[in-house]
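Below are some notes for a colleague who has the sequence and the coordinates open. They go through the strands, the helices and the contact between the chains, point by point.

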Amino acid sequence: MTGILELERLRKSFGGLVAVNGLSLSVAEGEILGFIGPNGAGKTTVFNLIMGSLRPDAGRITFQGKDITGWRTYRVVNAGIARVFQLSRYLKHKTVFENIEISTISNKIFAREDRRAREERVLEAGELVGLEEDLQKKPSALPHASLRRLEIAKAIATGPKLLLLDEPFAGLSAQEVEEVSVVIDKLRREGRTIVLVDHNMRGLMRLVDRVVVISFGEKLAEGLPEEVAHDPRVQEAYLAGGRDNDEAA
Amino acid sequence: MRERAGYLRYIGYLFPAGTVALLAIAPYLLVHRPSWITILTLANFFAVFAMSWDILSGYTGQISFGHSFFIGAAGYTSALLNVYLHWPIWITIPLGTAAAVIMGLLVAVPALRLRGPYFSLVTLILPVVALKLVLILSKFTGGELGKSGLTPLSSVTSFFAHQRALYFDSLGLMVLVAIFLTLIARSKVGKIFEAIRESEEAVEAAGINTAKYKILAFIISSFVAGLGGAIYVHYWESLIPSTILPLTLSVGLIIAAVVGGMGTIIGPIVGSYFFIAGQEYVKEVARSSSSLKFLERWDVLIFLVILILLIFFARRGLLPSLYALLRRFLPTPTPKRSK
């Protein structure tokens with residue numbers, strides 16, 4: 001079976017450091033894939049390679065059968081992949097509404113724009129993540145978890161077929177993790193394909209359908225969450241990774 | 001969706017409309033002070049240049065320190081074609097403008113790879129290089145003295161009528177440029193420009209090709225600067241490098257845009273009038289009384305101190321600060337629900 005996203009023998013090194021080493025994986029349409037690994041395993045680098053922020057040294061990335069290797073970010077986004085960044089990248093002088101609105105604007109300079117339809121998309125995305133009451137606020141007035149929701153709303157508003165969520169729970173309190181989990185759960189019920197990166201396995205387990213674990217840029221294990229959690233290789237990789245990894249499994 | 005206090009929306013329209021109406025009757029109010037008509041004409045041209053800077057630097061955040069390069073490229077092209085080939089100005093002005101746009105494109109492409117101070121340094125060097133070229137090719141360009149005998153903008157021969165015609169030409173140009181750039185600024189293109197200024201990465205992640213829009217900003221900016229520059233040399237009826245190429249022009253129009261309000265289009269007009277007319281006013285005060293005569297040599301200095309104070313106390317610029325003040329003192333209607 002061919003997945004919606006396929007990575008084939010992807011490789012990326014920075015000087016002498018090999019960050020991603022011949023990684024292959026497939027994401028099936030409609031699934032939530034947990035993409036985990038200890039800190040420094042190469043998860044964010046893989047996201048950067050998919051989104052065109054970095055060019056791979058070797059390997060191929062295909063999305064819906066189309067080779068998107070080395071495409072610039074805006075082309076990848078327009079092809080149907082959106083990324084939710086680990087750190088919020090909002091426009092501080094714009095309202096929450098205007099921040100989401102940018103994602104609905106066509107890249108074509110002279111394209112006819114249906115303003116109403118665009119506003120509708122912004123409202124839908126805002127509502128989906130639970131920011132409908134905050135649309136006229138400046139992002140700086142929002143709490144941390146709401147900023148994470150804003151990032152998700154911005155990604156949703158681009159109309160993606162695949163969402164890449166980069167550590168959506170990082171820096172959040174237990175209560176906030178719960179709030180963001182509810183949003184991700186909503187996305188799952190809408191049938192969206194999601195790849196979720198985190199180094200904290202416990203937070204992910206109840207959200208994901210399948211897990212891929214990487215370590216030192218290579219695939220270590222793949223399977224159902226409970227299988228992977230009990231895999232001795234995974235446990236060893238996490239124990240070798242330090243304190244963070246006490247949270248694993 | 002955009003909710004602005006009702007008062008401010010009306011002031012937003014009334015202020016420019018009232019200003020244009022006042023400027024339209026200004027020559028008739030200044031019949032006994034004709035030198036001021038010339039000063040206002042220069043302020044109009046300056047405003048066109050400042051607005052051209054604003055759509056690039058104020059909106060996209062790519063700070064150009066050498067906008068006189070585009071003004072000069074257009075001015076030289078139009079003037080030299082007019083002087084050597086005797087082409088009429090309705091051909092040379094569009095060709096001059098086109099030359100500025102080509103220069104804009106030539107600068108835009110490498111500028112995409114440069115950020116912050118590196119980009120600004122390149123723009124700073126360009127008019128210096130252009131000025132050197134003008135001097136090296138002085139046989140052709142006229143060097144420091146330039147060229148005279150250009151076709152005038154107005155064929156009226158009476159001094160006052162001629163002066164008034166030039167004033168209205170410059171005012172018409174300024175108003176048209178202000179409308180053109182305001183329409184762009186309020187369109188989706190303007191929204192993208194502003195978003196690029198804040199976070200290029202966020203815009204690219206929204207599926208927008210930032211390189212394309214940055215080049216577009218250069219094209220629009222150099223087009224307006226070029227149009228102004230090509231017309232400006234015919235206003236002077238002579239090509240003088242010190243009027244269209246110096247760094248002081250580039251720096252002056254940045255000051256005008258910053259003082260008036262960067263990223264507002266109308267702000268740079270306010271700033272230009274403040275900068276050009278303000279300097280002249282200080283000179284006039286100095287000339288009015290013997291006890292104030294000492295000010296004559298201090299005019300620029302005094303004005304620069306005023307500018308520094310303004311930047312310090314009204315950092316967003318005069319126009320946005322004025323709006324902020326009104327917002328504070330006028331009752332704000334309850335915003336409508338977003339849905």
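1. A:Leu33 stands opposite A:Arg210, a residue of strand β9 of chain A. Please bear in mind throughout that the model is predicted. The pairing of β3(A) with β9(A) comprises 4 bridges and is parallel. On another partner, β8(A), which covers residues 193-198, β3(A) makes 5 bridges, again in the parallel sense, and here A:Gly34 has A:Leu196 as its bridge partner.

2. How many of the residues of β3(A) are buried? The strand comprises residues 32-36 of chain A, and 5 of its 5 residues are buried. In a regular strand the side chains point alternately to the two faces of the sheet. Both faces of β3(A) are covered, with A:Ile32, A:Gly34 and A:Ile36 buried on one side, and A:Leu33 and A:Phe35 buried on the other.

3. The sheet to which β3(A) belongs is an open one of 6 strands, in the order β6-β7-β8-β3-β9-β10 of chain A, and its pairing is mixed. The edges are taken by β6(A), residues 81-84, and β10(A), residues 218-223; each has a single partner strand, so one side of each lacks a neighbour in the sheet. From one strand to the next, the twist averages 20°.

4. At one edge, β6(A) is joined by 4 bridges to β7(A), residues 162-166, and the two run parallel; within this pairing, A:Ala82 has A:Leu163 as its bridge partner. Are the faces of β6(A) covered or uncovered? Both are covered, since A:Ile81 and A:Arg83 on one side and A:Ala82 and A:Val84 on the other are all buried.

5. At the other edge, β9(A), residues 210-215, is joined to β10(A) by 5 bridges, and these two strands run antiparallel. One of the pairs is that of A:Ser215 with A:Glu218, the latter in β10(A).

6. Chain A also has an open sheet of 4 strands, in the order β2-β1-β4-β5, with antiparallel pairing. Its edges are β2(A), residues 17-27, and β5(A), residues 66-67, each having a single partner strand, so that one side of each is left without a neighbour in the sheet. The pairing of β1(A), residues 5-14, with β2(A) is antiparallel and extends over 8 bridges, and A:Leu5 stands opposite A:Val27 in β2(A). Helix α1(A), residues 43-51, packs on this sheet and touches β1, β2 and β4 (58-63) of chain A, its direction making about 65° with that of β2(A).

7. Turning to the contact between the chains, 24 residues of chain A are in contact with 22 residues of chain B. On the side of chain A that touches chain B, α2(A), residues 73-79, and α4(A), residues 115-128, each supply at least two residues, and α2(A) gives the most, with 4 residues. By type, the residues of that side of chain A divide into 10 nonpolar, 7 polar and 7 charged.

8. In chain B, helix α2(B) covers residues 34-60, and its 27 residues, at 1.5 Å a residue, should span 39 Å, which agrees with the 39 Å between its end C-alpha atoms. The helix nevertheless has a kink of about 40°, centred on B:Asp54. Of its 27 residues, 21 are buried, so α2(B) is largely enclosed by the rest of the structure. The residue that follows α2(B) is B:Gly61, whose phi is positive, near 80°.

9. Helix α4(B), residues 89-111, contains B:Ile93, which counts as buried because it has 25 C-beta neighbours inside 10 Å. Beyond its neighbours within four places in sequence, B:Ile93 is in contact with B:Ser78, B:Ala230 and B:Ile231.

10. B:Ala108 also lies in α4(B). Why does B:Ala108 count as buried? There are 20 C-beta neighbours inside 10 Å of B:Ala108, and 20 or more is what the term buried requires. Leaving aside neighbours within four places in sequence, B:Ala108 is in contact with B:Lys214, B:Ile215 and B:Phe218. By contrast, B:Ile93 and B:Lys214 are 25 Å apart in space, C-alpha to C-alpha, and 121 residues apart in sequence.

Conventions
Residues are numbered from 1 along each chain as its sequence is written. Chains are lettered from A and ligands numbered from 1 in the order in which they are written. This is a predicted model: local features need pLDDT of at least 70, side-chain atom pairs count only at pLDDT 80 or more; totals for chains, interfaces and linings use all residues. The expected span of a helix is 1.5 Å times one less than its number of residues. The bend at a residue is the angle between axes fitted to the seven residues ending there and the seven starting there. A residue is buried if 20 or more other C-beta atoms lie within 10 Å of its own, exposed if 12 or fewer, and partly exposed in between; C-beta atoms are placed from the backbone. Two strands pair if DSSP finds at least two bridges between them. Axes are lines fitted to C-alpha atoms, for helices over the stretch in contact, and angles run from 0 to 180 degrees between N-to-C directions. Two residues are in contact if their C-beta atoms, placed from the backbone, lie within 7 Å. Ala, Val, Leu, Ile, Met, Phe, Trp, Tyr, Cys and Pro count as nonpolar, Asp, Glu, Lys and Arg as charged, and the others, Gly among them, as polar.
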